[in-house]
Amino acid sequence: MKSLLLLLAITLTASAQTEKPLASFPYTPGLDLTSMDKTADPCVDFYQYSCGGWKKNNPIPADRPSWSVYGKLSQDNQQFLWGILYQLSSQASGRNANQQKIGDYFGACMDEAAVKQLGARPLRPYLDQIAAMQSTKDLPALLAGMHTSLQTGGLFFNFGSHQDYENSQNVIAFADAGGLGLPDRDYYIKTDENSVDLRNKYLIHVQKMFELLGDKPGVAKAEAAKVMEIETALAKASLTRVQRRDPYQRFHKVDFKGLQAMTPDFDWSIYITDIGLPAQNTFNVTEPAFYAELDKQLKALNLDDIKTYLRWHTASAAAPYLSDDFVNENFNFFSKTLRGVPQLRPRWKRCVNLVDDQLGEALGQEFVARAFSPELKQKTSLMTSQIEHSMEEDINTLDWMSPATKQQAVAKLHVIVNKIGYPDKWRDYSSVEIKPNDFFGNVQRAATFESKRDLNKIGKPLDRGEWGMTPPTVNAYFSQQMNDINFPAGVLQPPLYDPKMDDAPNYGDTGATIGHELTHAFDDRGRQFDAHGNLKDWWTRDDAKNFTDRAQCIVDQYAQYTVVDDIKINSALTEGEDIADLGGLLLAWMAWKDQTRNMNRESRDGLSPEQRFFVGNAQWACENDRPENLRVRHHRSALTGQVPRKRTGGEYG
Ligand SMILES: [Zn+2]
């Protein structure tokens, strides 16, 4: 008994110690011997050998679906950002305009008592609007307002700006699928025991949310069933995640008449005017079958059913910003049930994430000033150009690719833009009003700013300097259409990039990440875009066949690996990531050999330089996972390498 109490006391102290705003960035060494398991045979299980110690020393925190080197660094970043925001929120004077915004936003978010007192009241204007609907003809105006200020993809469909697939210089309107509450179509369709069970739990969750809006249990239950019916119909008409990887399947350009003809029961001219756009005549309808089904639904549903559907999605989208009852119910389903996370993240974490999500470059500017020195930028930029040089060498020596395709590939490589650390030009937030005592209003105004910013790009010259991730983000991406690779300052920190370490683990780790993103330019999807970022086939037929034959080997190999229980990797979905991982490692190896050609490569800690390279590479991926989360991740493609669409939601992102 005594020892249990003692253990509890130690645990509390430990968590109290880690959970405080940090004034300086914590240091974790790049190659960590304590993360290894030297009892494992590296020739049998290299992952256990490199990461066994890490896995043992780093159990999954209760508020996380998984835990990894990346996740831990994200948490360090978060605590450091907390320190910045805590200071700015309590500082009364001497703040510049951006510092006022992020400080006051954070302060209002942290004021839990005020949020609690408001209860569901912030939802009232939305619910009143829904109640006042006279017919489905009111839907376009209503959706325009909600899409803009709630930024939810949950309301029937998604609409935003995107580079034209066939001319990347042009930004056009994309009408995308949407309308689902569960993560994707498979959740509504699969008939295995797990999926059926999850759908039953989803129904209960939707019912509870209606009850929180004040509906009687019997009524709420019927409403939840109706929501499920509508979402299931939309899901059945949606592409699978694998199909969505194919840009040709998502490219159906139409003029205004064409768009209107797809959904005669939805007046697009009202919607477009109300989201603040001038008349448009170019649209990409990513999934025409989805819009055909949407129109069918709008015809078939009575007004009350539509109102039911809208009330659910409004409550669900706003839940994270409301009082505890909403926050907890939302967490219980989307995090606990769906991903196996036992515990809601503390409020400070959710608030830091929200600032990053909604005012990310204002916060990022503060982060960069404190944690990303010009030397670090210079060193990682050099590594990037070395990796690019390796890729050119690699392309030129391929025995299966013709000179014609090689020339095109190298031309594409030469114009890839390297974005390292942070944008050259910071986003201008001057038009966003942030008030010290208005959390929900701040969320709405920042969401509206982001929606308008996104929509305003339509019909304007492309801004090549734009970033799709904020500077503190511990992730990286390649954009096919921008033809750029992006490494936020957050991902170029120890232990991933450690200026105090020898070259070997740094090239094995960060070098391979740079190589990974670069390889995306030539993976199954990236290779379909040319040097201008246009969806255009530049491969000879033989070379394309040679590529797909080789890529198929990777697909076949990864299909044999088990994710959890009886679930194998869906390697048709992860193909791009798997190609990028292997390609990235190869390029990093070549670049490291080049970099250290004339140096005396030294052994350290009982490991040869080559061993240090590979252990460094393995250690970026040390990870512990909950089985539930592995199931969700099996459905959704890996996070890295995808240009994220900025959306608020979840339990604060
Ligand atoms: Zn990737």
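Is Asn-98 buried or exposed? Select Asn-98 to begin: with a relative accessible area of 19%, Asn-98 is buried, where buried means under 20% relative accessible area, exposed means over 50%, and partly exposed lies in between (1.4 Å probe, protein chains only).

The model on screen is predicted, so that local features need pLDDT of at least 70 and side-chain atom pairs count only at pLDDT 80 or more, while totals for chains, interfaces and linings use all residues. Residues are numbered from 1 along each chain as its sequence is written, and side-chain values use heavy atoms, with hydrogens and water left out.

**Around Asn-98**

Asn-98 sits in helix 4, which spans residues 97-110; helices here are DSSP runs of H or I with at least four residues, strands are runs of E with at least two, and both are numbered from the N terminus. If you set aside its neighbours within four places in sequence, the residues in contact with Asn-98 are Ala-362, Gln-365 and Tyr-429, contact meaning heavy atoms within 4.5 Å.

**Out to the surface**

Select next Asp-111, Glu-112, Asp-324 and Asp-325, which gather on the surface in a patch of negative charge. Such patches are made of residues with over 30% relative accessible area and no salt bridge, like charges being joined within 9 Å and nonpolar side chains (Val, Leu, Ile, Met, Phe, Trp, Tyr) within 5 Å. Of this group, Asp-325 belongs to helix 16 (residues 324-339) and is partly exposed, its relative accessible area being 39%.

Move then to Arg-121, in the loop between helix 5 (112-118) and helix 6 (124-131), where a relative accessible area of 54% makes this residue exposed. A distance drawn from Arg-121 to Lys-38, C-alpha to C-alpha, comes to 58 Å, for two residues that are 83 apart in sequence.

**Salt bridges**

Side chains of opposite charge can pair when their charged atoms come close. The structure holds 35 salt bridges, each defined as a side-chain nitrogen of Lys or Arg within 4 Å of a carboxyl oxygen of Asp or Glu.

Take Asp-305 and Lys-226, a salt bridge whose closest N and O atoms are 3.4 Å apart. This pair links distant parts of the chain, with Asp-305 in helix 15 (residues 303-318) and Lys-226 in helix 10 (residues 217-236), 79 residues apart. Both Asp-305 and Lys-226 are buried.

Select Asp-265 and Lys-299 next, a salt bridge in which the closest N and O atoms are 2.9 Å apart. Here too distant parts of the chain are linked, since Asp-265 lies in the loop between helix 12 (256-262) and helix 13 (268-274), and Lys-299 in helix 14 (residues 288-300), 34 residues apart. Asp-265 is partly exposed at a relative accessible area of 31%, whereas Lys-299, at 55%, counts as exposed.

What is the distance between the closest N and O atoms in the salt bridge of Arg-453 with Glu-466? They are 3.2 Å apart. Arg-453 lies in helix 21 (residues 439-455) and Glu-466 in the loop between helix 21 and strand 7 (477-479), so the pair ties together parts that are 13 residues apart in sequence. Glu-466 counts as buried, at 17% relative accessibility. Extend the selection to Glu-361, Arg-427, Glu-450, Asp-454 and Lys-457, which are linked with Arg-453 and Glu-466 in a network of salt bridges.

**Backbone geometry**

Most residues other than glycine have a negative phi, and most peptide bonds are trans. Go to Phe-156, which is not a glycine and yet has a positive phi of about 60°; Phe-156 is placed in the loop between helix 7 (139-150) and strand 2 (158-164) and is buried, with a relative accessible area of 1%. Asp-565, also with a positive phi, of about 45°, is found in the loop between strand 9 (562-564) and strand 10 (567-568), and at 55% relative accessibility Asp-565 counts as exposed.

For a cis peptide bond, display the link from Pro-494 to Pro-495, where omega is near 5°; Pro-495 lies in the loop between strand 8 (484-488) and helix 22 (503-520).

**Last stop: Ala-588**

Finish at Ala-588 in helix 24 (residues 571-595), which counts as buried at 0% relative accessibility. The C-alpha atoms of Ala-588 and Gly-508 are separated by 6.3 Å, although these positions lie 80 residues apart along the chain as a separation in sequence. Beyond its neighbours within four places in sequence, Ala-588 is in contact with Ile-387, Tyr-507, Gly-511, Ala-512 and Phe-613.

Technical notes. Accessible areas come from the Shrake-Rupley method with a 1.4 Å probe; for residues, only the protein chains shown count as cover. Lys and Arg count as positive and Asp and Glu as negative; His and the chain ends are not counted. The place of a charge is taken as NZ of Lys, CZ of Arg, CG of Asp or CD of Glu.
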